Amino acid sequence: KNKYNTPKYRMVVRFTNKDIVCQIAYSKINGDHILAAAYAHELPKYGVKVGLPNYAAAYCTGLLLARRVLKQLKLDTLYKGTEEVTGDFELVEENDEGPAPFRAFLDLGLKRTTTGGKIFGCLKGAVDGGLAVPHSETRFPGYDTEGDNFDVETHKKYIFGGHVGDYMRMLAEND
């Protein structure tokens, strides 16, 4: 096999105070090259107007990145991603005919990995968009470490921003 100059792709996820940056990057001798990028400040064009640095926006940014990468590589017709968001744990399956799914590894940088973190919202969005990113359900919101079970409804609630709505209702009741 000749694997010379075969890039290893990384899904780079970075958070600022007001924005989320998702990129697919690969390394060369002269530095990193960006294949595609998606930002949370682009989401108002797609209907997400508020709450840009939360879990739901992180999911949408990861989804946007996945669709852009697959369209750029002309894999968007082969790997359509998830049609309906359920919050369930799934991996991208390889098609019998055609190329393998686009594989990228999650690059967290200096961000700490905590169960239910926003960074895993980007990961879930990218996987639902059709990218093959190796992961397990143990870091998604709704995973119980003591019971060793995964609550799909809690994760779906986070994806659709239900936890933010609950917090706003609680604040309205207190005032």
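Which residues of the largest nonpolar core touch the most other members? They are Met-11, Ile-24, Phe-102 and Leu-131, out of 39 residues in that core. The model is predicted.

**The core**

Five elements give two or more residues each to this core: strand 1 (10–15), strand 2 (20–28), strand 3 (31–39), helix 1 (55–72) and helix 2 (119–129). Helix 1 gives the most, with nine residues. Nonpolar side chains tend to be buried together in soluble globular proteins.

Take Leu-131. Leaving aside residues up to four places away in sequence, Leu-131 touches Ile-24, Ala-66, Val-69, Leu-70, Val-92, Phe-102 and Ala-126.

**The sheet and its helices**

Four strands form an open sheet. Their order is 3-2-1-4, and the pairing is mixed. Strand 3 and strand 4 (105–107) stand at the edges, each with a single partner strand, so one side of each has no neighbour in the sheet. On average, neighbouring strands are turned by 30 degrees against each other, direction ignored.

Strand 1 pairs with strand 4 in the parallel sense, over three bridges. Phe-105 in strand 4 is the bridge partner of Arg-10.

Two helices pack on this sheet. Helix 1 touches strand 1, strand 2 and strand 3, and its direction makes about 120 degrees with that of strand 3. Helix 2 touches strand 1, strand 2 and strand 4; its direction makes about 140 degrees with that of strand 1.

**Aromatic pairs**

How many aromatic pairs does a search of the whole structure find? It finds four. Two of them are set out here.

| Pair | Geometry | Centre to centre | Angle between planes |
|---|---|---|---|
| Tyr-55 and Tyr-158 | edge-to-face | 5.7 Å | 85 degrees |
| Phe-140 and Phe-150 | tilted | 6.3 Å | 45 degrees |

Tyr-55 lies in helix 1 and Tyr-158 in helix 3 (residues 152–159), so this pair ties together parts that are 103 residues apart in sequence. Is each ring's residue buried or partly exposed? Tyr-55 is buried, at a relative accessible area of 3%. Tyr-158 is partly exposed, at 26% relative accessible area.

The Phe-140 and Phe-150 pair spans ten residues in sequence. Phe-140 lies in the loop between helix 2 and strand 5 (143–144), and Phe-150 lies in strand 6 (residues 149–150), so the pair ties these parts together. Phe-140 and Phe-150 are both buried.

There is also an aromatic cluster, formed by Tyr-9, Tyr-26 and Phe-102. Phe-102 returns here: it is one of the core residues that touch the most other members, and Leu-131 touches it.

Methods
Residues are numbered from 1 along each chain as its sequence is written. This is a predicted model: local features need pLDDT of at least 70, side-chain atom pairs count only at pLDDT 80 or more; totals for chains, interfaces and linings use all residues. Side-chain values use heavy atoms; hydrogens and water are left out. A nonpolar core is a set of buried Ala, Val, Leu, Ile, Met, Phe, Trp, Tyr and Cys residues joined through side-chain atoms within 4.5 Å. Buried means under 20% relative accessible area, exposed over 50%, partly exposed in between (1.4 Å probe, protein chains only). Contact means heavy atoms within 4.5 Å. Rings of Phe, Tyr and Trp (its six-membered ring) pair if their centres lie within 6.5 Å; planes under 30 degrees apart count as stacked, over 60 as edge-to-face and the rest as tilted. Two strands pair if DSSP finds at least two bridges between them. Axes are lines fitted to C-alpha atoms, for helices over the stretch in contact, and angles run from 0 to 180 degrees between N-to-C directions.
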